[in-house]
Amino acid sequence: MFLRDNGALEAIGKCPVCKKSIRETEKAFWCSNYREGCKFAIWKESSLKFFSVFGVEANDVFLREIVKGLLAREDVVLSLVSPKTGKQFEAKISIRKNDRGYWEIALPPQKSQGGHKSKK
Ligand SMILES: [Zn+2]
């Protein structure tokens, strides 16, 4: 579909690990440097799942815009619906490496509630 000559795809951003270009395929956003061992990839299926948990109907176009923004280190703030409370909230999403070594779209780490810790 989006394939150009010999399967080359348009770069959508720079790899946060090795700075090579990130390319989009049907299933994922990959680092073009994977042959050299860079493991950076964001799978579309798990990203779509992430968004559906938070009440967002995502599609490829939506994901591409999100991933582009994240790779460009822009603030990507979305209004999501909490699966626990059903309440809407604003979240700045990010890319992080999970326990299994895969990269994924995620919420920022939860800040513990209960006041500010000021070091003065
Ligand atoms: Zn890379």
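**Figure 1. Just after helix 2, Arg73 takes a positive phi.** Helices, with at least four residues, and strands, with at least two, are runs assigned by DSSP and numbered from the N terminus. The model shown here and in the other views is a predicted one. Arg73 lies in the loop between helix 2 and strand 5, and its phi is near 60°, a positive value in a residue other than glycine. Most residues other than glycine have a negative phi. Is Arg73 buried or exposed? Because 12 or fewer C-beta neighbours is the limit for an exposed residue, Arg73, with 11 C-beta neighbours inside 10 Å, counts as exposed.

**Figure 2. The protein is built from two helices and seven strands.** Followed along the sequence, these elements come in the order β-β-β-β-α-α-β-β-β. Of the 120 residues in the protein, 14% are buried. When contacts between residues at least 6 apart in sequence are considered, 31% of them join residues at least 24 apart.

**Figure 3. Strand 1 and strand 2 form a hairpin with six residues between them.** Strand 1 (residues 11-14) and strand 2 (residues 21-24) run antiparallel and are joined by three bridges, and Lys14 stands opposite Ser21 in strand 2. Lys19 is found in the loop between these two strands, where it has a positive phi of about 70° although it is not a glycine. How many other C-beta atoms lie within 10 Å of Lys19? There are 10 of them, and since a residue with 12 or fewer is classed as exposed, Lys19 is exposed. Looking from this loop towards Cys31, the C-alpha atoms of Lys19 and Cys31 are 8.8 Å apart in space, while the two residues are 12 apart in sequence.

**Figure 4. Strand 3 pairs with strand 2 and also with strand 4.** Strand 2 and strand 3 run antiparallel, with three bridges joining them, and they form a hairpin that has three residues between the strands. Across this pairing, Arg23 stands opposite Trp30 in strand 3. Strand 3 also pairs with strand 4 (residues 41-43) in the antiparallel sense, over three bridges, and here the bridge partner of Ala28 is Trp43 in strand 4.

**Figure 5. The largest nonpolar core has 14 residues.** Which residues of this core touch the most other members? They are Ile22, Phe29, Cys31, Ile42 and Val67. Strand 3 (28-31), helix 2 (60-71) and strand 7 (103-106) are the elements that give two or more residues to this core, and helix 2 gives the most, with four residues. For a closer look at Cys31, the reader can follow its contacts with residues more than four places away in sequence, which are Cys15, Val17, Cys18, Lys20, Ile22, Cys38, Phe40 and Ala41.

**Figure 6. Helix 2 has its buried residues on the same side.** Helix 2 has 12 residues, and the distance from its first C-alpha to its last is 16 Å, close to the 16 Å expected at 1.5 Å a residue. The buried residues of this helix are Leu63, Ile66, Val67 and Leu71. Why do they lie on the same side of helix 2? They cover an arc of only 130° around the axis, and this puts them on the same side. An α-helix has 3.6 residues a turn, so residues three or four places apart point the same way.

**Figure 7. Strand 6 pairs with strand 5 and with strand 7.** Strand 5 (residues 76-81) and strand 6 (residues 88-97) run antiparallel and are joined by six bridges, and the bridge partner of Val81 in strand 6 is Gln88. These two strands form a hairpin with six residues between them, in which Gly86 takes a positive phi near 75°. Strand 6 and strand 7 also run antiparallel, joined by four bridges, and Arg96 stands opposite Glu104 in strand 7. Strand 6 and strand 7 form a hairpin as well, with five residues between them, and Gly101 in the turn has a positive phi of about 90°.

Notes. Residues numbered from 1 in each chain as written. Predicted model: local features only at pLDDT ≥ 70, side-chain atom pairs only at ≥ 80, totals over all residues. Pairing = 2+ DSSP bridges. Buried ≥ 20, exposed ≤ 12 C-beta atoms within 10 Å, placed from the backbone. Contact = placed C-beta atoms within 7 Å. Core = buried A, V, L, I, M, F, W, Y, C linked by C-beta atoms within 7 Å. Expected span 1.5 Å × (residues − 1). Arc of directions from axis to C-beta.
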